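Here is a short report on how the strands, helices and aromatic rings of one protein model fit together. Please keep the structure open while reading.

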Amino acid sequence: MAHSRENKLTRRRFQQYAVLLRGWVLSLCLLPPVGSLADAPPTKTDPRETTVQESNLAVWMSNKNEGWAAYNLGRAYHTGSHGIKKNAAKAFEYYQVGAEAGYAMAQANFGYCHETGFGTDRNLNDAIKWYRASAEQGNRFGQLNYAGKLLENALRLKNENKMLEARDWYLKAHYQDETLIEAAYGIGVTYIQLPTKTRENTRLAKRWFALAAAGNHTDAQFALGYLDEVAGNNKSAFNWYSISMAGGSFPAIFNLARCYEYGIGVAQSSELARKHYRLAAMSGHPESQYSIGLLVYNAANSELDLGEACMWWSLARKNGVPEATEALRKLEGSRLLSHEGITTAKNAAAKFTPKAPPAKHSPTPFNIEIAVSTEPDSSAASGFFVTRDGWLITSTEALSLDHQTLKLKPGYEIKVITEAGEFLVSDSIIVNKNRSIAALKVTGDFHPLPLGDSDNIREEAPMFAVSLDSPSQDNFKPQILKGTVGSTTKGRRNEPLFSINTSEIPASFSNLLVFDALGQATGFVFAPTHPSRTELVATKINAIENFLKDNIPSIKLETKKPLGEPSEIAMMDMARQSTAVVVVYRK
């Protein structure tokens, strides 16, 4: 009995990848499902709560109409902490108070409630509204979840502009927190699903998928396997599918079965193909149900075998596989299986109960940090001069700006500390479109590094970075890292990135300025969000130069090119002179 299916399998493999991406988009902001969140056993107290006393509950209650306190109360009812039992309706009620008071963390969690039906009826439009409000205030979960909804719509409508907008929000979330592997995966999807994608888009997609895969994102692991298979790297594809399968991916199990069936990246084995198809089919994977039916049908030696094939195809048809309808029609018309056998097979399909899928770890897609009502007396971060007359750049996060006005919060001032002394800010703060980089002006004569051409950086070129270790009003300690360029992109202005492979980056480092062997500034890196990383991802200095010229027409950037390569000692000294401590303090 032969039933040719090679062309269908080829088509189905491409369809399977699209199904994966659609499934991810629909589930991204729902992870973990509300049921698993509400029904989970009591968890250990978050380490960040160890310094928070139970008496804080009374403080929150006495300030329950303020955004920060209402958020904390919603969070307590949401997670069942601080001696409060979980109560979805109460969590929703307090998140609403916080959201309507304009508190970004409450807005993101209020959107989560609307999307998942946590404490209220599901309302996707309200979810998007509150995700956006939170995202625009800079909350990383608001940005992540808003990006997810934008991407879902972009894929459904095949709208490239919406896809690029989603990428922008994913990038903002990822810049804030590199552990958000869903953001890295989403960025990869926006590259690989572009209607006008190029070879460079595919390379960038693989880079972002690899970041997510390193964090055990099973869909990213599957995507890397798929891209390797399309490129003919079958052994690597098989390995990625195996890794993704270990994380509970049914599409990966299905593609492993294909690999075994056709010898793709591994020795051909009908027995292992059947085993993997059956494993996914028993858990309800439609494509695997159709495929195990084909294997059973092609090897059938009895009516019992044909009955099993009929059962699997009946399940696959029910679950939306169009090929199964045609296969059933041919089987029923062939008279190979009796009417009684067909009835028995369809009854078995009707009674079929899928096995529960293996649990997949899902990061919490909402804010869980405790909010505080008071601001710190001071904070400090590194900044870097770009002109001789005192313009310097730093991160907006270091300045703790008001998210609505993008101005310094009332009651605070900024001073800049260098080896030469202290200086007060003498002009307005200028913030870039992504609200990530700020430019400040102090009065004096300074020694910036000249700006290089970061669009012509080559891979493996030597690079250096200067930062401050644990900067404060009394601590000015410039430190230098050495490394090499890992990857570069000549993409759009809103994605001007390159990476530097270096030694371990201390968590105590602040923002970094990257410069080349000629002593020319080539990029800016935000303060590391967690220790033990050996890769810096830098915003190209060309993009920062464009931002400065667009917003400060009279600025005189230091662009004079060095006449020769300075000694390493001289270059380190130049880098230190260009560095400053930016201190935000309460008056």
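The sections below cover the sheets, the helices that lie across them, and the ring contacts.

## The barrel

This is a predicted model. Six strands make a closed barrel, in the order β7-β8-β9-β12-β11-β10. Their pairing is antiparallel. On average, neighbouring strands of this sheet are turned by 40° against each other, direction ignored.

Take the pairing of β7 and β10. Strand β7 covers residues 462-469 and is joined to β10 by six bridges. The two strands run antiparallel. Within this pairing, A465 stands opposite V514 of β10.

## The open sheet

A second set of strands forms an open sheet. Seven strands take part, ordered β4-β3-β13-β1-β2-β6-β5. Here too the pairing is antiparallel. The edges are held by β4 (421-424) and β5. Each has a single partner strand, so one side of each has no neighbour in the sheet.

Inside this sheet, β2 and β6 are joined by five bridges and run antiparallel. I393 stands opposite A439 in β6.

## Two helices across the strands

Helix α22 (residues 568-577) lies across β7, β8 (478-488) and β10. The helix runs at about 100° to β8.

Helix α21 lies across strands of the open sheet: β2, β5 and β6. Its angle to β6 is about 55°. The helix spans residues 541-551. Its buried residues are I541, N542, A543, I544, E545, F547 and L548. What covers them? The cover includes β2 (391-395), β5 (430-431) and β6 (437-441). It also includes β10 (509-516), β11 (521-525) and β12 (533-540).

An α-helix has 3.6 residues a turn, so residues three or four places apart point the same way. In α21, I541, I544 and L548 are among the buried residues.

## Aromatic pairs

How many aromatic pairs does a search of the whole structure find? The count is 21. One of them joins Y175 and F526, with ring centres 6.0 Å apart. Their planes stand at 35°, so the pair is tilted; stacked would need planes under 30 degrees apart. The two residues are 351 apart in the chain. Y175 belongs to helix α9 (residues 160-176), while F526 is in the loop between β11 and β12. Are these two residues buried or exposed? Y175 has 22% relative accessibility and so counts as partly exposed. F526, at 17%, counts as buried. The dividing value is 20%.

F464 and F515 make another pair. Their ring centres are 5.6 Å apart and their planes meet at 20°, so this pair is stacked. F464 sits in strand β7 and F515 in strand β10, 51 residues apart. Both rings belong to buried residues: F464 has a relative accessible area of 9%, and F515 has 0%.

## A cluster and two charges over rings

Y175 and F526 reappear in one aromatic cluster, together with F384 and F524.

Two lysines lie over aromatic rings. The charged end of K172 sits over the ring of W169, 4.0 Å from its centre. K415 lies over the face of Y585, and the distance to the ring centre is 5.1 Å.

Key
Residues are numbered from 1 along each chain as its sequence is written. This is a predicted model: local features need pLDDT of at least 70, side-chain atom pairs count only at pLDDT 80 or more; totals for chains, interfaces and linings use all residues. Side-chain values use heavy atoms; hydrogens and water are left out. Buried means under 20% relative accessible area, exposed over 50%, partly exposed in between (1.4 Å probe, protein chains only). Helices (H or I, at least four residues) and strands (E, at least two) are DSSP runs, numbered from the N terminus. Contact means heavy atoms within 4.5 Å. Two strands pair if DSSP finds at least two bridges between them. Axes are lines fitted to C-alpha atoms, for helices over the stretch in contact, and angles run from 0 to 180 degrees between N-to-C directions. Rings of Phe, Tyr and Trp (its six-membered ring) pair if their centres lie within 6.5 Å; planes under 30 degrees apart count as stacked, over 60 as edge-to-face and the rest as tilted. A charge sits over a ring if NZ of Lys or CZ of Arg is within 6 Å of the ring centre and within 35 degrees of the ring normal.
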